[in-house]
Amino acid sequence: MKRKLIIHVGMGKTGSSSIQKTLRVAGSALEKQGFKYLGLMFEHLDFPKRYTWKKVNGWMDFLGLDRVQAHRELAHVLQYADDTLPEEMHTLIWSNESLFDRFSDVEPALKAVKSRYEIHVVGYVRRPDSWIVSAYMQWGIKDKSYTGPLKSFNTWVADRPYVVSSKISAWTEFSDFPVFYNFDVISDVGAHFIDRVLFQSPEVIPSLRENDTPPPEAMALFAWHNSLFEGLVPPDELESLLKRAGLLDKMQISTPYNNLLPSEEEVSNYLKRNRAEIDRTNSILESMAQPRFDLDDLKYKDYSVNPLGTNRALLRLVVHLSRDIESLKKRVAELEAGK
């Protein structure tokens, strides 16, 4: 009986990272049920030969190889998995969202092992309006994947048409067991994969979330940071800082500061609502030979701010912290020199 090979092909921005995290964390539990998660590029398969692309971020290394060599190496890894894994490991899982767009780059290798495996292709498809906005936020702003200044949404999407049906067809024509799900009607894609693809209980194999779009405030910071550079800007450095600061967590919706502040009319209305208590307090003050509260002229202070004032304050804070850091660096250098 053939071993089953499930190839999860994406598409991009359909929760693939959450599926992969769910499978990775639940690796031991899945193996007890006969499932082997291979990873994005077979990094979870013990393999004696060191192929350069056999790592989490190895897709681009794989594409950089001579095509014949790439096909030979990929087929070799899949043959090795079938030859060496125990028989009770009835299902292997390969998940990589980059595969959705690049069937031709793996087709010869998959055809070479098709006689060994019952190949099931699984994908999720997202409606174009939510997909293109999510893609822009990821690769147009957060992970600046182009040179030059930041591009507006309209500029960025000009050469990115919605092309899905031909890619589904390529995978469907190859596999005898293809299925593509409507991502937009699924509330938890990790739980869906465990339940509908692996037929395991999400209670036993809990789903985990990964790579949620950061809140608007964090996305604005990515945009401001990335606009400082002409070249490509991966999100790693800023993302790490924002994560440590808790800014990648879901944040409360914030009312603009100035809208929180009282207007003169609101303060005046407060006085009217409390007139009786003010009169009683004034009587006490008079009995103690103290002047009454004179409320004929409203005592009101405007605490509103403008962006320039806020930015100046933040810049002053940054300069202050920078001086502290330079002082500490100097002190560390002195201590190291005194060793």
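Reader: Leaving aside its neighbours within four places in sequence, which residues is Lys-55 in contact with?
Author: With those neighbours set aside, Lys-55 touches Met-41, Glu-43 and Asp-61. Bear in mind that this is a predicted model.

Reader: What makes the link between the side chains of Lys-55 and Asp-61 a polar contact?
Author: The distance between the two side chains is 2.8 Å. The cut-off for a pair of N or O atoms is 3.5 Å, so the Lys-55 to Asp-61 pair makes the grade.

Reader: Why is Lys-55 called partly exposed?
Author: Its relative accessibility is 33%. Buried would need under 20% and exposed over 50%, so Lys-55 ends up in between. As for where you'll find Lys-55, look in the loop between strand S2 (35-39) and helix H3 (59-63).

Reader: How far apart are Lys-55 and Arg-102 in sequence and in space?
Author: They're 47 residues apart along the chain, and 18 Å apart from C-alpha to C-alpha.

Reader: And His-120, why does that one count as buried?
Author: Its relative accessible area comes out at 16%. The limit is under 20%, so His-120 is buried. You'll find His-120 in strand S4. Apart from its neighbours within four places, His-120 is in contact with Lys-4, Leu-5, Ile-6, Ile-7, Ser-175 and Phe-177.

Reader: How do you know that the span of helix H4 agrees with its number of residues?
Author: H4 runs over residues 67-84, which is 18 residues. The rule is 1.5 Å times one less than the residue count, so the expected span is 26 Å. The end C-alpha atoms are 26 Å apart, so the two agree.

Reader: Which elements do the buried residues of H4 pack against?
Author: They pack against strand S1 (3-8), H3, strand S3 (91-95), helix H5 (107-112) and strand S4 (117-125). Among those buried residues are Ala-70, His-71, Leu-74, Val-77 and Leu-78. Residues three or four places apart in an α-helix point the same way, because there are 3.6 residues a turn.

Reader: What goes on at the start of H4?
Author: A side-chain oxygen of Asp-66 comes within 3.1 Å of the backbone nitrogen of Val-68.

Reader: How many cavities of 30 Å³ or more does the structure hold?
Author: Just one. The largest cavity has about 40 Å³ of space, which is over the 30 Å³ mark.

Reader: What lines the largest cavity?
Author: The lining includes Lys-13, Ser-134, Asn-211 and Pro-214. Helix H6 (residues 128-142) gives the largest share, with four residues. By type, the lining has three nonpolar, four polar and three charged residues.

Conventions: Residues numbered from 1 in each chain as written. Predicted model: local features only at pLDDT ≥ 70, side-chain atom pairs only at ≥ 80, totals over all residues. Heavy atoms only, no water. 1 Å grid on protein atoms, 1.4 Å probe; cavity = no way out; pocket = protein on both sides within 12 Å on 5 of 7 lines; lining within 4 Å. Points joined across faces, edges and corners; volume = space filled by probe spheres on them. Helix = DSSP H or I, 4+ residues; strand = E, 2+ residues; numbered from the N terminus. Nonpolar A, V, L, I, M, F, W, Y, C, P; charged D, E, K, R; others polar. Buried < 20%, exposed > 50% of the residue type's maximum accessible area, 1.4 Å probe, protein only. Contact = heavy atoms within 4.5 Å. Polar contact = N/O pair within 3.5 Å; in protein donor to acceptor, adjacent residues only side chain to side chain.
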